[in-house]
Amino acid sequence: MSTLKADTIQNTSGGAVTLTNQEATKARVMYDHVNTNVDGSFNISSVTDDNTGRHQPNFTSNISLGFSTVVSSPNTSSGQNDTSVRGKGNSVTTQNTSGYLVLTYTSTTALDMELDASITVGDLV
């Protein structure tokens, strides 16, 4: 058995390595909507606070249309609540290469969450 040890793996041009027949997380963010604070992120340039229960994470590097999946899990101190992830512009069917819209609520009432963790899997543009 061989052991590979490395601090950085790059392609021959010095860029990111291409994964063959695999997918990996292309973006992630932990967002505190109550205090409008990003607690940790990867490939997220900013988060726009649109309104109560509405925020939009914006990608640093755009994601390819039709080839991405966003999973979001909102939580408050009272427990887990409901969420809806949509394309920017509030569309449930149209993706946007530059980010996505997160709607959080309890029952039918919009609510800012203390923690909303989301990941994006897909291809970069």
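Tutor: Let's start with a term: a patch is made of residues with over 30% relative accessible area and no salt bridge, with like charges joined within 9 Å and nonpolar side chains (Val, Leu, Ile, Met, Phe, Trp, Tyr) within 5 Å. A salt bridge is a side-chain nitrogen of Lys or Arg within 4 Å of a carboxyl oxygen of Asp or Glu, and accessible areas come from the Shrake-Rupley method with a 1.4 Å probe, where for residues only the protein chains shown count as cover. This is a predicted model, in which local features need pLDDT of at least 70 and side-chain atom pairs count only at pLDDT 80 or more, while totals for chains, interfaces and linings use all residues. Residues are numbered from 1 along each chain as its sequence is written, and side-chain values use heavy atoms, leaving out hydrogens and water.

Student: Which residues make the nonpolar surface patch of about 330 Å²?

Tutor: One member, valine 17, sits in the segment before β1. Valine 17 is partly exposed at 42% relative accessible area (buried is under 20%, exposed over 50%, partly exposed in between, with a 1.4 Å probe and protein chains only). The patch is made by Leu4, Ile9 and Val17.

Student: How many strands are there in the chain?

Tutor: Helices (H or I, at least four residues) and strands (E, at least two) are DSSP runs, numbered from the N terminus. The elements run β-β-β-β-β-β-β-β-β-β. With 0 helices, the chain has 10 strands.

Student: What is the bridge partner of arginine 28 in β10?

Tutor: Strand β1 (residues 25-32) runs antiparallel to β10, joined by 6 bridges; two strands pair if DSSP finds at least two bridges between them. Along β10, Asp116, Ser118 and Thr120 point to one face and are buried, while Leu115, Ala117, Ile119 and Val121 point to the other and are not. The partner of arginine 28 is isoleucine 119.

Student: Which element supplies the largest share of the largest nonpolar core?

Tutor: Such a core is a set of buried Ala, Val, Leu, Ile, Met, Phe, Trp, Tyr and Cys residues joined through side-chain atoms within 4.5 Å. Here the largest one has 9 residues, including Ala27, Ile44 and Val102. At least two residues come from each of β1, β3 (44-51) and β8. The largest share, 3 residues, is from β1.

Student: How many residues apart in sequence are the parts that phenylalanine 59 and tyrosine 100 tie together?

Tutor: The structure holds 1 aromatic pair, and phenylalanine 59 and tyrosine 100 form it, tilted, at 5.8 Å centre to centre and 45 degrees between the planes. Rings of Phe, Tyr and Trp (its six-membered ring) pair if their centres lie within 6.5 Å; planes under 30 degrees apart count as stacked, over 60 as edge-to-face and the rest as tilted. Phenylalanine 59 lies in β4 (residues 54-59) and tyrosine 100 in β8 (residues 100-106), so the distance in sequence is 41 residues.
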